[in-house]
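Q: I would like a close look at a single part of this model, taken slowly and in connected prose.

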Amino acid sequence: MATIETLPRKRETIEQAVIRFAGDSGDGMQITGSQFTNTAAMLGNDLATFPDFPAEIRAPAGTLPGVSGFQINFSSRDVFTAGDAVDVLVAMNPAALATNVADLKPGGILIVNVDNFKEVDLKKAQAKTNPLEDHSLDGYRLFPVELTKLTRLALRDLGLDAKSMDRCKNFFALGMCYWLYNRPMDHTYKWLDEKFGSKPVLAEANKLAMKAGYAYCDATEAFQVRYEVPAAKLEPGLYRNISGNSALALGFVAAARKAAIPLFQGSYPITPASDILHELSMYKEFGVMTFQAEDEIAAMTSAIGAAYGGALAITTTSGPGMALKMEAIGLAIAVELPIVICDIQRGGPSTGLPTKTEQADLLQALYGRNSEAPVPVLAAATPGDCFWMALEASRIALKYMVPVIILSDGYLANGAEPWKIPALEELPEIPVKYRTEREGFMPYSRDPNTLARPWAVPGTPGLEHRIGGLEKQDVTGNVNYEPLNHERMVRLRAAKVAAVVQDVPDVVPAGDPDGDLLLVGWGSTFGPITAALGAQRARGRRIGHVHLRHLNPLPKNLGEVLKRYRKVVVPEMNLGQLLWVLRAKYLVDAEGLNKIQGKPFKQSEVEAKIEETLREIR
Amino acid sequence: MTTTLPVYTKKDFQTDQEVRWCPGCGDYAILSAVQSVFPELGIPKEKFVVVSGIGCSSRFPYYMNTYGFHTIHGRAPAVATGLKLTRPDLEVWVATGDGDALSIGGNHTIHMIRRNVGLKVLLFNNKIYGLTKGQYSPTSEMGKKAKSTPYGSVDRPFNPLSLALGAEATFVARSVDVFQSHLKATLKRAAAHQGTAFIEILQNCNIFNDGAWENLTERDVRDDNTIAIEHGQPLVFGKNKDKGIRMDGLDLEVVALGNGITEKDLIIHDERHLNPAYAFLLSRMDGTPGFPTPLGVLRAIDAPRYEAGMNEQVRLAIQKKGQGDLTKLLRAGDTWEVR
Ligand SMILES: Cc1ncc(C[n+]2csc(CCOP(=O)(O)OP(=O)(O)O)c2C)c(N)n1
Ligand code: SF4
Ligand SMILES: [Mg+2]
């Protein structure tokens, strides 16, 4: 191989950079992005990612609906979002360019695969003119690269067919980005060796493509600057990257271990929740039992059966599946069994936007069942927080003998962030005791503190009893239709859920403890709100941020905290659901910031709302 | 360690709850048969669980002094599946109705059967929705005049046995509320079966569908209109045991014994026949003019059970990898140290 003449280059150290890889869904953009992410993590950057893929597995190649993207924001400072605008856009075809270029910063780096800008490609992307020639890209630093041709050239000696060679062109692009940000490639080498263990030639092909991309930048004068993004100052400890779905899966394994009971998951595949089932089905050596049920109703009811038998039972789904589970969740409420239900929200109604994020199931979670049927509802704020939420939900379910709903969303589910791995001692205790004493056993007697009924599992001698969905007599649990008993039971079930508040920590606002404006959020809006808060406070604004992880019951001091600010704004990816709850419960004149586009908030959007609100009250 | 089982009687399985079925309802007889059979099974009482859906029939668990779970309409097979998968040590029985199991819960029923989960299923077939006061059900005959079908139904009914066999049930049987000794014997056979044991019990709803099974149960016609099938025995029926069933190409044929036709020409019932098509043919005799309705065990074969397979995978994983190490799991994949 010819040696490459290395040109002297300017080096620039920057705090932060945002890259987006965009291509056809068959172009391997998710893998490319994940590799860049893992390398950034290993180098100690803080980071956040935003994978964005189409609902179709393989929409026609080269078309606008087939575009798949992966964005990463990596930094030497704290990172809260995947970034509003991108510094580098890699566009593998005209469709990817058309759908993504608007997010590229003015003067940003634009790498395009010119081999895919032929007449037919432009037609597939419905482009009337060739953007590489019509000056529409003049405001960017455009690098037209013959990615396909150069990749084939680099792999010509491996004896692969053209199709296999073309599959490696994403690694050529990855190599270019590694060069641009001066990143080592060995981490990805290792990954390739593991991934293609049985087909070493493919590992080799991808390595060659990546090296060729790296070398191309090195040899091409056009690339004048290389960037350095130093490591972030994260809290000391051992870290890994984690997505929300993975964190939930690990959290439930940990919860079952802490509770010393087996974990059972009943689930029916649905985007973006399926990965939890995929992951938990691997952990059989932890005694985890996963059951792919025939539908969501069976997923929920099988979990009820498992909980009845003494397992830590969970079910995982998204909005449409949640709707199907509702009658059965009512049964779990009536029979007072511990179950954790995870709703990984996506755009709706109906099938909606299966692969896009939304937060519009809050009211469904709170109120979506027939009759008076409250349950504790929790929401994870970040991918890593999903781990803690799994533990918290399990703990509450088992302590209070109640079904608990966890709300996550597509953004948390697939997005990744560095996560400090906890030591086992840091995990909460989850004590569980099945009832075994016959003396004085009543199926619906209650613990005075938690109002939990005893968990008397089948197989326990002498405790044979019947439970069911019909109204029960207080204490005995016998079927009972008396008017006053019914009201007592309705109130008891509500009081039990309300009693969970004793375990809900008081909120402490981030930023100013009182002042002009309080932002109240829940779920995945944590990142953009936190980022916006920091930026606005740096400009002297007196604002605070409360992020609710417990949505039912709400923290005890929330009403008082809301009153400490002149104005309350609730950013949500829905039409104002938490807003509605807060207004109803606290009679506070809060305002919403609402975005329902299948995309997370940008920091700038939250900042704009803060400025607008402060202008109004000034 | 040996533990001696207490000697149970029928009384041990009765509860103090007032039974709330209509007087004369066939459900009483089924309850009585089950309460008589359970003490004889040699199983500790606390190991029994009766799971039901919604319907008159699904009130069953309240009257059994065992663990019991009255769930929601149609979902008993799924609740029972979750229980049996996690607690294979339990004896889980499902009580359900024709509407519960075949209409709203049809999906769960076929998938429970397909998976061959070790559950005993008692389908109380009264060909009507009892609890909701008399609408036609998925087993009601076509033309059925009921509350919601004043002009007669235009639905073709399910044959529960054919449906179960279509899902490749490993144990399929039929009995009748009023044929107590036959019913008890059938329940015992189901109790001994590994895998899903599906029993259709023909049950009279004397309020909304009285006499639905009359032509099978009345003394003067029952021997001609039913055939009690038994493994290894020829298919003979009739008051005078003078009729039989033989193969006719791919079909069944009713023949009169005598005139050169002997029992040797008849089908010898083989409940272990691996191809479900045989039992399916038997199930199709129902309602075919001139043919009797089969009672007894149509099919009883061995097949892998879901809960056994699932628990075996867990056992093997632990054997191979050792009891899961949580610290290792949390630290799996790429990690890095921040100092
Ligand atoms: C979700 C739901 N839909 C409808 C009902 C009303 N419902 C109760 S029982 C029943 C039919 C029961 O018929 P079957 O299963 O044949 O039982 P039977 O009463 O005849 O024993 C219906 C429709 C219900 N309880 N729940
Ligand atoms: S309505 Fe029919 S099935 Fe229901 S209890 Fe009365 S007789 Fe029995
Ligand atoms: Mg019925």
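How are the donor residues of the magnesium ion (ligand 3) spaced in sequence, and what surrounds ligand 1?

A: In this predicted model, the donor residues of the magnesium ion (ligand 3) follow the spacing D-x27-N-x1-I in sequence. The pair B:Asp98 and B:Asn126 links distant parts of the chain, 28 residues apart, since B:Asp98 belongs to helix α3 (residues 98–104) of chain B, while B:Asn126 sits in the loop between β4 (119–125) and α5 (160–166) of chain B. The protein donors are B:Asp98 through OD, B:Asn126 through OD1 and B:Ile128 through O, and they lie 2.0 to 2.2 Å from the magnesium ion. B:Asp98 is buried, at a relative accessible area of 2%, and B:Asn126 is likewise counted as buried, at 6%.

B:Asp98 also appears in the surroundings of ligand 1, where it is listed among the closest of 17 residues, together with B:Cys56, B:Ser57, B:Gly99 and B:Asp100. Because the residues around ligand 1 come from chains A and B, the site is shared between chains. Helix α3(B) gives the most to this shell, with four residues, and the shell as a whole divides into six nonpolar, eight polar and three charged residues.

As for individual contacts, an N or O atom in the side chain of B:Ser57 is 2.7 Å from an oxygen atom of ligand 1, whereas B:Gly99 places a backbone N or O atom 2.9 Å from an oxygen atom of ligand 1, and B:Gly130 has a backbone N or O atom 2.9 Å from an oxygen atom of that ligand. Of the 580 Å² that ligand 1 exposes when taken alone, the protein buries 77%.

Definitions and conventions. Residues are numbered from 1 along each chain as its sequence is written. Chains are lettered from A and ligands numbered from 1 in the order in which they are written. This is a predicted model: local features need pLDDT of at least 70, side-chain atom pairs count only at pLDDT 80 or more; totals for chains, interfaces and linings use all residues. Side-chain values use heavy atoms; hydrogens and water are left out. Donors are N, O and S atoms within 2.8 Å of the metal (3.2 Å for Na, K and Ca); water is not among the atoms, so sites may look incomplete. Helices (H or I, at least four residues) and strands (E, at least two) are DSSP runs, numbered from the N terminus. Buried means under 20% relative accessible area, exposed over 50%, partly exposed in between (1.4 Å probe, protein chains only). A residue is near a molecule or strand if one of its heavy atoms lies within 4 Å of it. A polar contact is a pair of N or O atoms within 3.5 Å; within protein, one must be able to donate a hydrogen and the other to accept it, and residues adjacent in sequence count only if both atoms are side-chain atoms. Accessible areas come from the Shrake-Rupley method with a 1.4 Å probe; for residues, only the protein chains shown count as cover. Ala, Val, Leu, Ile, Met, Phe, Trp, Tyr, Cys and Pro count as nonpolar, Asp, Glu, Lys and Arg as charged, and the others, Gly among them, as polar.
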